[in-house]
Amino acid sequence: MLYVRREAVFSPAFPYNDGPGARWPGRRLPPLYRQYHEYERRLPQHHWDAPSHESEPKYFWIAGHGRASGWGNVMQEILLNAYLTYKTGRAYVFHNYTWNDDGSDYSDYNGKPIPSRVPLSALIRGPIVGGPWPAEEHAPLAVSEEYWHHVCGDRKRVIPREEVHEHLPSWYASAVTNGWVEKLATVDDQCVEAGAEGGQLYNWVTFGDKDSMTELWADFARSPVLTHFAYSPLVELAFDNNREVFSPTSVLEPPLSSIPFTSSPSTSAAQRYTELPGLLVLHLRRGDYEAHCEHLAKWSSSYLAYNALPGLPDRFDPPPGGSWGDNTPENFAIYRRHCYPTVAQIVARVEEVARTDAARGLENVYIMTNGAVPWVEELKEALAGTGRWKSVASSRDLVLNWEQKYVAQAVDSLVGQRAQVFIGNGWSSLTGNIVVMRMANGFRADSTRFW
């Protein structure tokens, strides 16, 4: 069983970066999550000392997975990579959430130290990260990248990405999935690697096309990759500890982390992550996202594929009048309203959504944001000033221990996933992962909106 610290941790386990030559003088170094790495090493399907591994399942390792990206970008790819591997009948090889794979423990992000690698089990659990599949499934258990290298070593077969992709009819997720499933059906080798050269199997072109998920969605939504997806004990504990911040309760409810996560009978995501009545969650990107929104406007970009799933009420068709790499002032303003809205525009959109049938009974607002504290406080004051809300809180109000601090995006994702109504950013992958989970878990489609 994975041990999770229930209190804020102040110990030599998280030292300060002091002394001669210190890269981040005076700053406390982030956690390295060693107990999670060790948990992954001890998964029962990892037979480290076996004299032979030939009787073990067939594996598929996707070496060109995303790195040095935000959690939303990495997570959207992990979901599809795991689904693809599930469709091939092979064991998925999971990897760390990796910022830097040069062997260093820490990396620099805007002048601050962050972990170079976070074990996936610190963020999520379930079949993707080596947990059991539902009883009715007979798919092999996922293994870690470390175990894959131990088992496969120099006896792996590498299939270059282009060997498959040069024959695909499109970059749509269905075409990529079918192409690799068909290719691997012709391969009998136990250890198969999708070569790193060429990068991700599902790349920014796939995720950036609004029509990319249309054909695949129904089967993807039914797959146990989504129906039995779960967050880690660390993330669920942060959710419990902050429940009264983002969704104050009126009756006693058992903490989420106290509810057993079982495989027989299996616990589905829809059963575990039920709606939080009365909660409206807003996802608002700030900071350098302003420049990104300008870039999206220049290229007349549509919503991401995960944010254009069938049934969603809010669609975005790029307005006419733009040219290749440029746009009109009127169109830039349209993109800013949807991608980087002002406080006044946010309040107006919230009022509009609050009048819909799906929003009946809303009373609390939680703001998922990376915005600076003064801006967040301005927005909270503006929302509270409408007189509609009992409470208004934000990501900045959460109390997280040192390990939870570096998985905070997953904490926010869990809150957004369970909201009665969610308003997100159509160009955000973090929003997209929340949308996928809400739709797969049966939340009414008109409860998921965009700016």
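**Exercise 1. Which residue of β18 is the bridge partner of Phe422?** Place that pair within its sheet, and describe how the chain passes between the two strands.

*Solution.* The model is predicted, so that local features need pLDDT of at least 70 and side-chain atom pairs count only at pLDDT 80 or more, while totals for chains, interfaces and linings use all residues. Residues are numbered from 1 along each chain as its sequence is written, and side-chain values use heavy atoms, with hydrogens and water left out.

Step 1. The bridge partner of Phe422 in β18 is Thr448. Strands here are DSSP runs of E with at least two residues, helices are runs of H or I with at least four residues, and both are numbered from the N terminus.

Step 2. Strand β17 covers residues 419-424 and pairs with β18 in the parallel sense over 3 bridges; two strands pair if DSSP finds at least two bridges between them.

Step 3. β17 also pairs with β14, again in the parallel sense, over 4 bridges, and Phe422 is the bridge partner of Val281 in that pairing. From β17 the chain passes through α18 to β18 in a right-handed β-α-β crossover, a term that applies if, with the strands pointing away from the viewer, the path from the first strand over the helix to the second runs clockwise.

Step 4. Helix α18, residues 429-440, lies across β14, β15, β17 and β18 and runs at about 145 degrees to β17. Axes are lines fitted to C-alpha atoms, for helices over the stretch in contact, and angles run from 0 to 180 degrees between N-to-C directions; contact means heavy atoms within 4.5 Å.

**Exercise 2. In what order do the 5 strands of the open sheet that holds β14 stand?** Work outwards to the edges, then describe the surroundings of β15.

*Solution.* Step 1. The order is β16-β15-β14-β17-β18, with parallel pairing. The edge strands, each pairing on one side only, are β16 (391-394) and β18 (448-450), and the twist averages 20 degrees from one strand to the next.

Step 2. β15 pairs in the parallel sense with β14 over 6 bridges, and with β16 over 4 bridges, also in the parallel sense. Val365 stands opposite Val392 in β16, and β15, helix α15 (residues 373-384) and β16 make a right-handed β-α-β unit.

Step 3. Both faces of β15 are covered, with Asn364, Tyr366 and Met368 buried on one side and Val365, Ile367 and Thr369 buried on the other. Buried means under 20% relative accessible area, exposed over 50% and partly exposed in between, for a 1.4 Å probe and protein chains only. β17 is likewise mostly covered, with 6 of its 6 residues buried.

**Exercise 3. What is the relative accessible area of Leu282?** Compile its surroundings, and then do likewise for Thr369.

*Solution.* Step 1. Leu282, whose place is in strand β14, is buried, with a relative accessible area of 0%. Leu282 stands opposite Ile367 in β15.

Step 2. Leaving aside neighbours within four places in sequence, Leu282 is in contact with Ile346, Val350, Val365, Tyr366, Ile367, Met368, Leu383, Ile423 and Trp451.

Step 3. Thr369, in strand β15, is buried with a relative accessible area of 10%. A polar atom of the Thr369 side chain lies 2.8 Å from the backbone oxygen of Leu284. With neighbours within four places in sequence again left aside, the contacts of Thr369 are Leu284, Arg286, Trp375, Val376, Ser395 and Asp412.

**Exercise 4. How many residues has the largest nonpolar core?** Identify the helix that gives the most to this core, and a core that lies apart.

*Solution.* Step 1. The largest nonpolar core has 99 residues, and those with the most contacts inside it are Trp71, Leu79, Leu80, Ile128, Met213, Trp217 and Phe220. A nonpolar core is a set of buried Ala, Val, Leu, Ile, Met, Phe, Trp, Tyr and Cys residues joined through side-chain atoms within 4.5 Å.

Step 2. Helix α2, residues 71-88, gives the most to this core, with 10 residues.

Step 3. Apart from the largest core lies another of 22 residues, among them Leu280, Val350, Val353 and Ala359.

Step 4. Not counting residues up to four places away in sequence, Met213 touches Leu80, Ala173, Phe220, Ala305, Tyr306 and Leu309.

Technical notes. A polar contact is a pair of N or O atoms within 3.5 Å; within protein, one must be able to donate a hydrogen and the other to accept it, and residues adjacent in sequence count only if both atoms are side-chain atoms.
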